[in-house]
Amino acid sequence: MRATSVIACAALTVAGLLSTTGTALAQPTATATPQAAAPPTTTNGPCGYVATPDDPSPRPVSLPPDPKRTPDKGIVKVLLATNQGPMLLSLDRAKAPCTVQSFLHLAKSRFYNFTTCHRLTLYDTLKVLQCGDPTGTGERGPGYSYKDELPTDLPNWPGDATGTRKVYARGTLAMANAGPNTNGSQFFLVFGDSRLRPDYTVFGSVDRLGLKAIDRVAAAGVKPTPETPAPVDGNPNRKTDILLALRLSH
């Protein structure tokens with residue numbers, strides 16, 4: 001639901017001095033309340049974050065900062081404190097500067113706090129835990145999108161003669177999307193080497209302790225439904241909540 005601003009108007013009170021005839025000597029006049037400036041629909045920097053009014057954020061969050069020179073060097077550490085244990089993320093600015101900029105902005109805005117990782121995938125060639133939607137449905141984002149920063153150095157999947165399928169290795173941190181240039185807030189953590197087209201921005205990695213926590217989630221499987229008693233893709237049986245996303249370093 002889009003956040004709206006409400007302008008409250010205070011009642012005017014007349015406290016003017018009265019003449020001997022009881023007539024007010026001065027009467028204040030009402031002035032128009034200035035309207036708040038409309039939020040920008042796109043940023044002017046190289047990342048070009050674009051508002052998505054048709055898909056508003058379920059939580060109040062602005063467009064990320066977009067300086068003329070996006071920081072593109074160094075590793076930034078972010079701790080995901082979860083109910084399954086800590087997951088330490090290493091965000092690589094060189095790999096995906098705009099993605100890292102957005103992720104840090106969302107963490108600073110507390111967008112990820114008290115959210116549920118909504119999707120666990122257990123296919124032989126796709127093993128990921130997906131998080132980043134405050135509604136826990138996998139259908140919402142931060143109210144903006146931005147461009148892909150696709151990897152160019154991933155190895156070919158073994159046996160793929162075409163070279164179109166790549167290895168997203170265990171420990172990879174990447175962005176989920178709904179097609180080209182639709183990155184938002186949802187991301188996935190790879191806990192087993194996965195075969196994918198290189199259509200998903202890689203922007204860092206998760207540490208060994210975090211992977212152990214995800215392994216425990218994976219071992220518990222996917223929540224069954226009446227239609228699918230033994231699913232390999234869906235809500236994790238072992239509910240996984242991000243309690244806090246905290247930047248630890250610059």
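## Exercises on a predicted model

Asp241 and Lys239 meet in a salt bridge, with their closest N and O atoms 2.8 Å apart. This pair opens a set of exercises on a predicted model. Keep the structure open as you work through them.

### Exercise 1: A short-range pair

**Task.** Find the salt bridge partner of Asp241, and decide whether each of the two residues is buried, partly exposed or exposed.

**Solution.**
- Step 1. Start from the chemistry: side chains of opposite charge can pair when their charged atoms come close.
- Step 2. Test the distance. A salt bridge needs a nitrogen of Lys or Arg within 4 Å of a carboxyl oxygen of Asp or Glu. Asp241 and Lys239 have their closest N and O atoms 2.8 Å apart, and they form a salt bridge.
- Step 3. Look at Asp241. Its relative accessible area is 16%, and buried means under 20%, so Asp241 is buried.
- Step 4. Look at Lys239. Its relative accessibility is 48%, so Lys239 counts as partly exposed.

### Exercise 2: Bridging distant parts of the chain

**Task.** Which parts of the chain does the salt bridge between Arg140 and Asp55 link?

**Solution.**
- Step 1. Confirm the pair: the side chains of Arg140 and Asp55 form a salt bridge, at 3.6 Å from N to O.
- Step 2. Place both residues. Arg140 sits in the loop between strand 6 (126-131) and strand 7 (144-145), while Asp55 sits in the loop between strand 1 (50-51) and strand 2 (75-82). The two are 85 residues apart, and the pair links distant parts of the chain.
- Step 3. Check the exposure. Arg140 has a relative accessible area of 23%, so it is partly exposed. Asp55, at 30%, also counts as partly exposed.
- Step 4. Set the pair in its context: the count of salt bridges comes to six.

### Exercise 3: Getting to know Lys73

**Task.** Where is Lys73, and which residue is its salt bridge partner?

**Solution.**
- Step 1. Locate Lys73 in the loop between strand 1 and strand 2.
- Step 2. Find the partner. Lys73 forms a salt bridge with Asp72, and the closest N and O atoms are 3.6 Å apart.
- Step 3. Judge the exposure. Lys73 has a relative accessible area of 62%, so it is exposed; Asp72, at 35%, counts as partly exposed.
- Step 4. Look across the chain. Pro97 is 24 residues from Lys73 in sequence, and their C-alpha atoms are 8.1 Å apart.

### Exercise 4: Two neighbours in one loop

**Task.** Describe Asn181 and Thr182 by their place, exposure and surroundings.

**Solution.**
- Step 1. Place them. Thr182 is in the loop between strand 9 (172-175) and strand 10 (187-192), and Asn181 is in the loop between strand 9 and strand 10 as well.
- Step 2. Check the backbone of Asn181. Its phi is positive, about 60°, although Asn181 is not a glycine.
- Step 3. Compare the values with the cut-offs. Asn181 has a relative accessible area of 43%, so it is partly exposed. Thr182, at 33%, counts as partly exposed too.
- Step 4. List the contacts of Thr182. Leaving aside neighbours within four places in sequence, Thr182 touches Ser145, Tyr146, Asp148 and Asn177. Ser145 is 37 residues away along the chain, yet the two C-alpha atoms are separated by 5.3 Å.

### Exercise 5: Patches on the surface

**Task.** Which residues make the nonpolar surface patch, and which gather in the patch of positive charge?

**Solution.**
- Step 1. Collect the nonpolar residues: Phe114, Leu243, Leu244, Leu246 and Leu248 make a patch of about 460 Å².
- Step 2. Look at Phe114. It lies in the loop between helix 1 (97-108) and strand 4 (115-116). Its relative accessibility is 61%, so Phe114 counts as exposed. Its phi is near 55°, a positive value in a residue other than glycine.
- Step 3. Look at Leu248, in the segment after strand 14 (241-247). At 48% relative accessibility, Leu248 counts as partly exposed.
- Step 4. Turn to the positive patch, where Arg208, Lys212, Arg216 and Arg238 gather. Arg208 belongs to helix 2 (residues 208-219) and is exposed, with a relative accessible area of 74%.

### Exercise 6: The whole protein

**Task.** How many helices and strands does the protein have, and what share of its residues is buried?

**Solution.**
- Step 1. Count the elements: there are two helices and 14 strands.
- Step 2. Read the burial: of the 250 residues, 41% are buried.
- Step 3. Add the surface. The accessible surface comes to about 13900 Å², and 57% of it belongs to carbon and sulfur atoms.
- Step 4. Finish with the contacts: among those between residues at least 6 apart in sequence, 65% join residues at least 24 apart.

Note on methods. Residues numbered from 1 in each chain as written. Predicted model: local features only at pLDDT ≥ 70, side-chain atom pairs only at ≥ 80, totals over all residues. Heavy atoms only, no water. Patch = residues over 30% accessible without salt bridge, like charges linked within 9 Å, V, L, I, M, F, W, Y side chains within 5 Å. Areas by Shrake-Rupley, 256 points an atom, 1.4 Å probe, with all protein chains shown as cover. Lys, Arg positive; Asp, Glu negative; His and termini not counted. Charge placed at Lys NZ, Arg CZ, Asp CG, Glu CD. Helix = DSSP H or I, 4+ residues; strand = E, 2+ residues; numbered from the N terminus. Buried < 20%, exposed > 50% of the residue type's maximum accessible area, 1.4 Å probe, protein only. Contact = heavy atoms within 4.5 Å.
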